[in-house]
Amino acid sequence: MPELPEVETIKRGLEQRVLKRTFVDVWTDFKKTIKRPKNFEQFKKSLKDKRIQSVRRRGKNIILDLSQGMSLLVHQKLTGHLLYGKWRLKSGKWLPLEKGPLTDPMNRFLHLVFWLDNGDQLALSDLRKFAKVELWKTEDLERDEEFKKLGPEPLERSFDFEKFKAILPKKGKIKQVLMDQNVIAGIGNIYSDEILFEVRVHPEKDIAKLSEKNLEKIYSATQDILKKAIKLKGTSISDFRDIEGKKGLFEKKLKAYRRAGKQCFRCGGVIQRIKVGGRSAHFCLKCQVI
DNA sequence: ACAATATCCTGCGAGC
DNA sequence: TGCTCGCAGGATATTG
């Protein structure tokens, strides 16, 4: 599922591929993906002839800033990922024109396809159809309450340890706090597990009971792990692919996530899986003792 | 005021 | 073999 490193990987891919391109047309077989405007014909009409001027990431959101003060926001949610290439529609199914990564089964679930002015396409593959796409007036998006509520970017230069401490709530289970987009933007289930494994902190630990030293460790591990994952183009443990359709390499580095029942690389203990806030949490019972 | 739960989806693997 | 069932999960809505 795309978290900050995966979304950043997509963002960088888009910068290479779609910057300065213009939207020509759009197709979907699942109109519900388009949340704004609700009417698909209106969406299509508003998007037509808009040029992509810049690409941004905010938390797990991708934002394409367009000409005429418009912005296209894409949230890939669980299984969505944007792809760039050439396909043709054959009896309701999109087939890649060339052999290569785009033929990967995880890239087959195209529910939204944009035509660009160079003849190529930008597509959203989304197995579970949770992804959302919204077309905004840029200034309305910046003023939107939901959007403004997003917490700070963990990898921004200005996000130092003092700032990290300042934005933390008074109490709460550390895993849930790290995953709360309104506290810090971009961390999800995979990286929260990996960060807490790294610092030997139990996912249910109440942040009120964490020492300054341990908070600092969590802060640094967050930076290190997110940066390392971006370098490796993210984690593809189930469905994530970059815009060329290729897998990320960070899945090989996972030490906790989806390793339930396996041996801990650090102490040889067994990795546990429990539910924290309705989500699966993976950790080593033996060495994540703080 | 807050926290737990349901909702949206569908491929996959387990179990019968 | 082939069916049903439960699970996975980000963010939001709804219920407790």
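E145 is exposed, with a relative accessible area of 54%. In this predicted model, the side chain of E145 meets that of K148 in a salt bridge, at 3.5 Å from N to O. Both residues belong to helix α4 (residues 145-148), where they stand three residues apart, about one turn of the helix. K148, with a relative accessible area of 48%, is partly exposed, since the exposed class requires a value over 50%.

**Confidence of the model**

The mean pLDDT of chain A is 92, and 100% of the residues score at least 70. Among the elements of the chain, strand β3 (residues 52-58) has the highest mean pLDDT, 97, whereas strand β12 (residues 271-276) has the lowest, 88. Where pLDDT is low, predicted coordinates should not be read in detail.

**Salt bridges**

Side chains of opposite charge can pair when their charged atoms come close. With a cut-off of 4 Å between a side-chain nitrogen of Lys or Arg and a carboxyl oxygen of Asp or Glu, the count comes to 24 salt bridges. Three of these pairs are set out below.

| Pair | N to O distance | Location |
|---|---|---|
| D25 and K44 | 3.9 Å | strand β1 (residues 23-28) and helix α2 (residues 40-47) |
| E145 and K148 | 3.5 Å | helix α4 (residues 145-148) |
| E162 and K165 | 3.5 Å | helix α5 (residues 161-167) |

What does the salt bridge between D25 and K44 tie together? D25 forms a salt bridge with K44, the closest N and O atoms being 3.9 Å apart. D25 lies in strand β1 and K44 in helix α2, so the pair ties together parts that are 19 residues apart in sequence. D25 counts as partly exposed at 33% relative accessibility, and K44 counts as partly exposed at 27%.

The pair in helix α5 joins the side chains of E162 and K165. Because E162 and K165 are three residues apart in this helix, about one helical turn separates them. K165 has a relative accessibility of 25% and counts as partly exposed.

Salt bridges also link a network of residues: E8, K11, R12, E15, R57, R58 and E153.

**R36, the positive patch and the cis bond**

R36 lies in strand β2 (residues 34-36) and counts as partly exposed, at 32% relative accessibility. Which residues form a positive surface patch with R36? The other members are K32, K35, K38 and K77. Membership of a patch requires over 30% relative accessible area and no salt bridge, and the 32% of R36 therefore satisfies the area criterion.

R36 also precedes a backbone feature: the peptide bond from R36 to P37 is cis, with omega near -10°. P37 itself lies in the loop between β2 and α2.

**Residues with positive phi**

Most residues other than glycine have a negative phi, and most peptide bonds are trans. Where do D49 and K233 lie? D49, whose phi is near 70°, a positive value in a residue other than glycine, is placed in the loop between α2 and β3. K233 likewise has a positive phi, near 60°, and its place is in the loop between α8 (212-231) and β12. At 46% relative accessibility, K233 counts as partly exposed.

How values were computed
Residues numbered from 1 in each chain as written. Chains lettered and ligands numbered in written order. Predicted model: local features only at pLDDT ≥ 70, side-chain atom pairs only at ≥ 80, totals over all residues. Heavy atoms only, no water. Patch = residues over 30% accessible without salt bridge, like charges linked within 9 Å, V, L, I, M, F, W, Y side chains within 5 Å. Areas by Shrake-Rupley, 256 points an atom, 1.4 Å probe, with all protein chains shown as cover. Lys, Arg positive; Asp, Glu negative; His and termini not counted. Charge placed at Lys NZ, Arg CZ, Asp CG, Glu CD. Helix = DSSP H or I, 4+ residues; strand = E, 2+ residues; numbered from the N terminus. Buried < 20%, exposed > 50% of the residue type's maximum accessible area, 1.4 Å probe, protein only. pLDDT = per-residue confidence, 0-100.
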